[in-house]
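Here are some worked exercises to try with the model open beside you. Take each task, have a go, and then follow the solution step by step.

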Amino acid sequence: MIEDLEERGLLDNVLVILMSEFGRTPNVNSRIGRDHWPDCWSLAMAGCGIKQGAVVGKTSGDGAWVDGTGYDIGDLFHTIFSVLGIDSRRERYLYKGQKLAIAHDDCKPIQEVMS
Amino acid sequence: MSPPPLDIKSVRVAKEFKHEAQLFRARFSPCGKYFAAVGVDRLVHVWNIETGDRKSFNGHKSWISSMTFGDSNNSLYTADYQGVIHCWNYLAEANTRPRWSIPSAARDNIRALAIAGNGRFLLSAGDDAVIKVWDTKSGKPVAQLPGHRECVFSLAVHPDGGHLVSGDLLGSIRKWAIGKWAPAGELDAGALHTRKENFIADVGGVRSLAFSQDGKQLAAGGFRDAKSNAFCPGTPAVLVFDWGSGKQKHELRLKAKSDGPINGLCFLEDGSLAGYGEHLHSATEMAFWTPPTNSPAHALAGHSAYDLDLHPDGRRLLAPVYVSGGTSGNGAQKRHREKYSPNATVLRIYNLFPDPVEKQTES
């Protein structure tokens, strides 16, 4: 898909995100499957506004914990909106009459992944 | 000296060997003095049963999914999730290189290995759905047996050496003539497969196969009636077929609550059948059946095990039993914040005869 987008000259205008809502346990369980592990996981992005080849952050050797700087979903949302040209600090959305932030106010874009 | 009398109701743990990583397969050596076990740490481990000494061989680059001892020459064959097969001399020094290797024996996971032709042939099968036949001395290819439509989980060779069977994800058991390397029929174990309308994947499969020692029966282990294709909980079951007619004769169940397949089927010399369950986050059992009775004649509670092997003396069983590190479930618990406790294995040898000391006390 990414190659298709690039060949068609669309990749600069499309943001592709590969992620899940949580990670998976470093070890398999008794059914040789993995359980939920929201404590540490990774994702990949390509396209619009993303620096190619950037690798940001790492886990501990056993894959269980973030090693060094960790990023919150709020940081991810600010990054997504920023590369799409949306001011994540100004925009609000209305929920039952209440204006709510579209990304956590105490988070910020991850500059290291942005071109 | 004749072996002690077989008595499944006397089954008890005789020896335990703890291991720090999860292991999926464990088998006794043909000489009976050793056992080997393999799994997620990518090493081939060999233990001396008497002394407990362990040595390891390094060569696989991914989890090891299947193994079998050869009939001669101290050979041990292992295969992994990347489709690589190695042949080892299990009596060699630790870390001795393999005798030979097949780097691309399969496109991906090889789930079962078996020996046929009086030790001349190594059979492999797995996710690419093709049974492959290799020369045990050289690792050179001999034949391929296509036919399965989905991944193959299990292999078994008939005691008379003339046929082998293979079991797949869809519940198909294929018969093959050894030597001619040709199809020789099919048995229907479709009860061990589930694909409901709202499923996005097939669930279940023939996870273990075993012939009775007289060759008249074939047992197929797995689980039926899966409720979902996410956690895949189902009802563990063993189907027993009459080899001559190909017809299913019995369906056996566990006594304990359990939701995964029945693994490591072994027929014992008294005609009873042993198998071991798998259960998510909870204990299951090792069960012994005496068909036609469909519930176990005897069972021993324990956590999940993925294999079960009968010692050459017919009086002991070996199982790689799951040990929880306490970190399965929905994220890290508070007590594990400082350190992630990995899951592990305890390899258990069970005696299938009364303890002589207990027997003396009773009398």
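**Exercise 1: Backbone outliers**

A:K96 is exposed, with a relative accessible area of 75% (exposed means over 50%, buried under 20% and partly exposed in between, with a 1.4 Å probe and protein chains only). Before going on, please note that this is a predicted model, in which local features need pLDDT of at least 70, side-chain atom pairs count only at pLDDT 80 or more, and totals for chains, interfaces and linings use all residues. Residues are numbered from 1 along each chain as its sequence is written, chains are lettered from A and ligands numbered from 1 in the order in which they are written, and side-chain values use heavy atoms, leaving out hydrogens and water.

Task: place A:K96 and B:A129 in their loops and describe the phi of each.

Solution.
- Step 1. Look between strand 7 and strand 8 (98-101) of chain A: the loop there holds A:K96. Helices (H or I, at least four residues) and strands (E, at least two) are DSSP runs, numbered from the N terminus.
- Step 2. A:K96 has a phi near 50 degrees, a positive value in a residue other than glycine.
- Step 3. Turn to the loop between strand 11 (121-126) and strand 12 (131-135) of chain B, where B:A129 sits. The phi of B:A129 is near 70 degrees, again positive in a residue other than glycine.
- Step 4. B:A129 counts as buried because its relative accessibility is 8%.

Task: find the cis peptide bond that ends at B:P292.

Solution. Go to the loop between strand 26 and strand 27 (298-302) of chain B, which contains B:P292. The bond from B:P291 to B:P292 is cis, with omega near 20 degrees.

**Exercise 2: Chain A and its second helix**

Task: outline chain A, then work out what helix 2 of chain A packs against.

Solution.
- Step 1. Count the elements: chain A has two helices and eight strands, in the order α-β-β-β-β-β-β-α-β-β along the sequence.
- Step 2. Check the confidence. The mean pLDDT (the predictor's confidence in each residue, from 0 to 100) of chain A is 93, and 100% of its residues reach 70 or more. Within chain A, strand 1 (residues 15-18) has the highest mean, 97, and strand 7 (residues 92-95) the lowest, 89.
- Step 3. Gauge the chain as a whole: its C-alpha atoms fill a box of roughly 45 × 45 × 25 Å along the principal axes, and 35% of the 115 residues of chain A count as buried.
- Step 4. In helix 2 of chain A, eight of the 11 residues are buried, among them A:L76, A:I80, A:F81 and A:V83. The buried residues of this helix pack against strand 1 and strand 4 of chain A.

**Exercise 3: A pocket**

Task: describe the lining of the second largest pocket.

Solution.
- Step 1. Start with the definition. On a 1 Å grid over the protein atoms alone, a pocket is an open set of points where a 1.4 Å probe fits, with protein on both sides within 12 Å along at least five of seven lines; lining residues have an atom within 4 Å of a point.
- Step 2. The second largest pocket has 29 lining residues, and A:W41, A:S42, A:L43, A:V56 and A:Y71 lie nearest its centre.
- Step 3. Strand 4 (44-47), strand 5 (58-59) and helix 2 (73-83) of chain A each give two or more residues to this lining. Strand 4 of chain A gives the most, four residues.

**Exercise 4: Cores in chain B**

Task: which residues touch the most other members of the largest nonpolar core, and which elements supply two or more residues?

Solution.
- Step 1. A nonpolar core is a set of buried Ala, Val, Leu, Ile, Met, Phe, Trp, Tyr and Cys residues joined through side-chain atoms within 4.5 Å.
- Step 2. This core has 18 residues, and B:Y276, B:M286, B:F288, B:L308, B:L317, B:Y350 and B:L352 touch the most other members.
- Step 3. Two or more residues come from each of strand 25 (273-276), strand 26 (284-289), strand 29 (316-323) and strand 30 (344-351) of chain B. Strand 29 of chain B has the largest share, three residues.
- Step 4. Another core, of 16 residues, lies apart from it and includes B:L123, B:V133, B:L145 and B:L155.

Task: is B:L164 buried or exposed?

Solution. B:L164 belongs to strand 15 (residues 163-168) of chain B. B:L164 counts as buried because its relative accessibility is 0%. Leaving out residues up to four places away in sequence, its contacts (heavy atoms within 4.5 Å) include B:L123, B:L145, B:L155 and B:W176.
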